[in-house]
Every structure is written in structure tokens, then in C-alpha cells.
Amino acid sequence: MQRVRSYGGAALFCLAVACASAALAIFGLFTSLAPGFVADTLHQSSPAVAGAAVFAVFAAAVLGQSLSGALSPAVRQGAGVAAEAAGCAAVVAGMALTDPALFIAGGVIAGIGAGMLFKAAVALVARAAPAEVRAEALATFFLAAYTGLVVTSLGLGLAAQLATPTTATLWFSGFLAVLLAAIALLGRTAGGGRHRSSPGPLSP
């Protein structure tokens, strides 16, 4: 019977979950608030336009994962944090200035960062767990990561009911800034344990 259990220490596991949560939060933002901004503020009622914006973010995440394959998890994590922070700032600026180009560009940059962070998170968990329990460790990680996605999505949905998409995104950006700062701090705390972990044959 498979158990729910983390490996590699609490700091490393929390770091991995925080990275994944930050990545998934960007996807939650664009699938929940972005369509409302496109329709209400940019006056683009076509579902294809909103869908294209969401597609651009997800495609950028795939690109970020592909381009960062040769990087170590630590370098990939740092680059992901920087890209997400810059991208989210550009998204907020684009919404505040009603600038579609800046809004989409910010989403693409944030998507690249999200892809890097999620890939770094999976690599951290996979390298920390022995081969015989790696599936167990990854299952625990995905359970925690997607629980974070549910909480974030519900929070974004509630914010959308209480404020405009632009204001809700400002609130979201504050939450994401705190989360990214926590990732940077946890990265230093878990750094020693991460490098001492046995990498095993799987290296995402």
C-alpha cells in the first residue's frame, strides 16, 4: 500500500511545493482573471482572444522547461523566480495601463518562469528520494502542489467577486511576491541538504 510521505527533509519538500505553487498560481491567474480583463477592459469579447492569451502562457511554460533542461535545479529555480517576478510585474502594469502588448508579454515571461520553477520542483523531489520510493515521493509532492493550486484558484475567484480584475491581480501580485521571497529564503535554507541528496537515475 502506497503511503503519503515526503523525502529529503522538511525544508527541501516545502521548497519544492512552494516552487510548484508559484508556477501553478500563474496558470490559475490566466485561466480565471485574464479572460475577464480581456473582455471587460480590452473590450475583446471573442473567446478566441482570451484563449490565445491563456495559450501563450502555457506555451511559454513548455518553452521554459525545454530551454532550462541543462541547468541545475538551483540555477533553474533562481531564473524561474526572477522571470515570474518580472513577468507578473509586467502583467500588472499592462492591466493598469490597458496595454495588451505589455499584458501578453508579461504573461509569456511569467509563463517561462513558471515552467522553470515547476521543473526545478520535480527535480528536487526526484533527486531527494531513493529510487524505490521515488513514485511515492512524487505522488506526495503532486498532492501538496495541486492542493495549493485549489486554494489559489479559490482565492482568485473570491477576489474576482469582490473587485475588478485589475485590483484582484494587484492582490495576487502581492501574494506571489511573498511566495517568491519565501522560495528565495527556503532555497538558501535547503541548499546544503539539496546538494547532499542522492540524485538517483531520474534527473528531470
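Within this predicted model, the structure holds 1 cavity of 30 Å³ or more. The largest cavity has a volume of about 40 Å³, and its lining is made up of L29, F30, L33, A34, V91, M95, F103 and T169. Sorted by class, that lining has 7 nonpolar residues and 1 polar residue, with no charged residues. Two helices each supply at least two residues of the lining of the largest cavity, namely α1 and α4, the latter covering residues 73-96.

Helix α1, which spans residues 10-32, leads from the cavity to a second part of the picture, since its axis and that of helix α3, residues 47-67, come within 9 Å and cross at roughly 165°. Because angles over 145 degrees count as roughly antiparallel, that crossing makes α1 roughly antiparallel to α3. The crossing of these two helices, α1 and α3, is left-handed.

At the level of residues, α1 brings I26, F27, F30 and T31 to the contact, where they meet A53, V54, V57, F58 and A61 of α3. By class, this contact of α1 with α3 has 8 nonpolar residues and 1 polar residue, and no charged residues.

Reading the two descriptions together, F30 deserves a second look: this residue of α1 is among those that meet α3, and F30 is also one of the residues lining the largest cavity. Charged residues are absent from the contact of α1 with α3, and they are likewise absent from the lining of the largest cavity.

Terms used. Residues are numbered from 1 along each chain as its sequence is written. This is a predicted model: local features need pLDDT of at least 70, side-chain atom pairs count only at pLDDT 80 or more; totals for chains, interfaces and linings use all residues. Side-chain values use heavy atoms; hydrogens and water are left out. Axes are lines fitted to C-alpha atoms, for helices over the stretch in contact, and angles run from 0 to 180 degrees between N-to-C directions. Helices (H or I, at least four residues) and strands (E, at least two) are DSSP runs, numbered from the N terminus. Angles under 35 degrees count as roughly parallel, over 145 as roughly antiparallel, 65 to 115 as roughly perpendicular and the rest as oblique. A crossing is left-handed if the near helix is turned anticlockwise from the far one by less than a right angle, and right-handed if clockwise. Contact means heavy atoms within 4.5 Å. Ala, Val, Leu, Ile, Met, Phe, Trp, Tyr, Cys and Pro count as nonpolar, Asp, Glu, Lys and Arg as charged, and the others, Gly among them, as polar. On a 1 Å grid over the protein atoms alone, a cavity is a set of points where a 1.4 Å probe fits but cannot get out, and a pocket is an open set with protein on both sides within 12 Å along at least five of seven lines; lining residues have an atom within 4 Å of a point. Grid points are joined across faces, edges and corners, and a volume is the space filled by probe spheres set on the points.
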